[in-house]
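Welcome! Take a moment to look over the sequence and the 3D view, then try the exercises below at your own pace.

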Amino acid sequence: MGTKIKTFFCADLHFGHQTILYHHPSRRDECGVTLEELQKDKNAAIEKHDEWLINLWNSTINKEDHVYIIGDFCLGNKECTEHILQRLKGKKFLVRGNHDRSCNGLERYFEWVGDIKEVKFTHNQYDFIDPEETFCVELCHYPLFTWNRRTHGTVHIHGHCHGSIDYVNILSKELRADVGLDGTLSNYKIVDLETVYNYFVKIRNNAGINKFADYQEWLMEQQGFRM
């Protein structure tokens with residue numbers, strides 16, 4: 001038997017974006033770029049960042065794996081973006097963010113391109129998923145206040161915020177999470193489906209509820225939407 005296909009999620013990779021290294025010192029630390037290096041030669045610094053990110057991707061993802069990129073893939077030009085896409089393993093799905101113009105005309109490198117997407121996973125595909133329910137995920141680059149089939153147990157993952165609203169997601173008890181590279185859940189890794197699933201299961205189970213749809217009903221009552 002061959003290796004089982006895995007599913008991954010990521011956002012806010014920001015290939016080719018020099019400024020990201022100023023905004024996120026932790027990312028500099030992860031990719032081994034010092035502030036002195038960045039100030040001396042921004043081009044060399046972002047090249048080092050991009051090589052680190054390519055190596056991280058290809059050491060995590062296999063050829064047949066599915067990767068959902070939830071926006072802000074590359075801020076380089078089209079030629080730079082194509083060169084990076086050619087080097088990355090896996091079957092790629094792009095949920096566009098506000099910094100994805102360089103992907104225009106490169107749709108052939110993706111299995112799908114759009115602005116919002118719902119994906120579903122079952123126990124038949126992944127044995128860690130509860131056999132009695134389908135795990136439904138709404139993908140959008142931007143965090144949504146509400147989303148399609150939320151009341152039926154669909155969870156939501158997003159990017160865009162670079163971890164800045166992680167505390168909001170946690171305190172709200174919403175089944176919503178940031179999978180951006182700089183966020184708490186990803187923590188400078190490309191996060192797999194099992195990690196995402198277990199993250200939401202923990203939120204649900206902490207409320208003493210064992211179904212996502214039942215959890216959403218309970219949460220809406222707590223929020224005053226159901227009397």
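Here are some short exercises, each with a worked solution.

This is a predicted model, in which local features need pLDDT of at least 70, side-chain atom pairs count only at pLDDT 80 or more, and totals for chains, interfaces and linings use all residues. Residues are numbered from 1 along each chain as its sequence is written, and side-chain values use heavy atoms, with hydrogens and water left out.

**Exercise 1. Find the residues that line the largest pocket, and say which element gives the most to the lining.**

Step 1: begin with the term. On a 1 Å grid over the protein atoms alone, a pocket is an open set of points where a 1.4 Å probe fits, with protein on both sides within 12 Å along at least five of seven lines; lining residues have an atom within 4 Å of a point.

Step 2: list the lining. The residues are Gly16, Ile46, Glu47, Asp50, Glu51, Ile54, Cys80, His83, Ile84 and Arg87.

Step 3: look at the elements. Helices are DSSP runs of H or I with at least four residues, strands are runs of E with at least two, and both are numbered from the N terminus. Two or more lining residues come from each of α4 (42-60) and α5 (78-87), and α4 gives the most, with five residues.

Step 4: sort by character. Four of the lining residues are nonpolar, two polar and four charged. Here Ala, Val, Leu, Ile, Met, Phe, Trp, Tyr, Cys and Pro count as nonpolar, Asp, Glu, Lys and Arg as charged, and the others, Gly among them, as polar.

**Exercise 2. Explain why Cys80 forms no disulfide with Cys74.**

Step 1: recall the cut-off. A disulfide is a pair of cysteine sulfur atoms within 2.5 Å.

Step 2: check the distance. The sulfur of Cys74 is the closest cysteine sulfur to that of Cys80, but at 4.1 Å it is too far for a bond.

Step 3: widen the view. Cys103 is in no disulfide either, as its nearest cysteine sulfur, again that of Cys74, is 7.0 Å away. Over the whole structure, the search finds zero disulfides.

Step 4: compare the surroundings. Buried means under 20% relative accessible area, exposed over 50%, and partly exposed in between (1.4 Å probe, protein chains only). Cys80 is partly exposed at 26%, while Cys103 is buried at 4%.

**Exercise 3. Is Asp130 buried or exposed, and which side chain does its own side chain meet in a polar contact?**

Step 1: locate the residue. Asp130 sits in the loop between β5 (116-121) and β6 (135-140).

Step 2: read the accessibility. With 18% relative accessibility, Asp130 is buried.

Step 3: follow the side chain. A polar contact is a pair of N or O atoms within 3.5 Å; within protein, one must be able to donate a hydrogen and the other to accept it, and residues adjacent in sequence count only if both atoms are side-chain atoms. The partner is the side chain of Lys211, at 3.0 Å. The Asp130 side chain also reaches the backbone nitrogen of Glu132, at 2.8 Å.

**Exercise 4. Which two side chains make polar contacts with the side chain of Asn98?**

Step 1: place Asn98 in the loop between β3 (91-95) and β4 (112-114).

Step 2: name the partners. The side chain of His141 lies at 3.1 Å, and that of His160 at 3.3 Å.

Step 3: relate this to the chain. Asn98 and His141 are 43 residues apart along the chain, yet their C-alpha atoms are separated by 8.2 Å.
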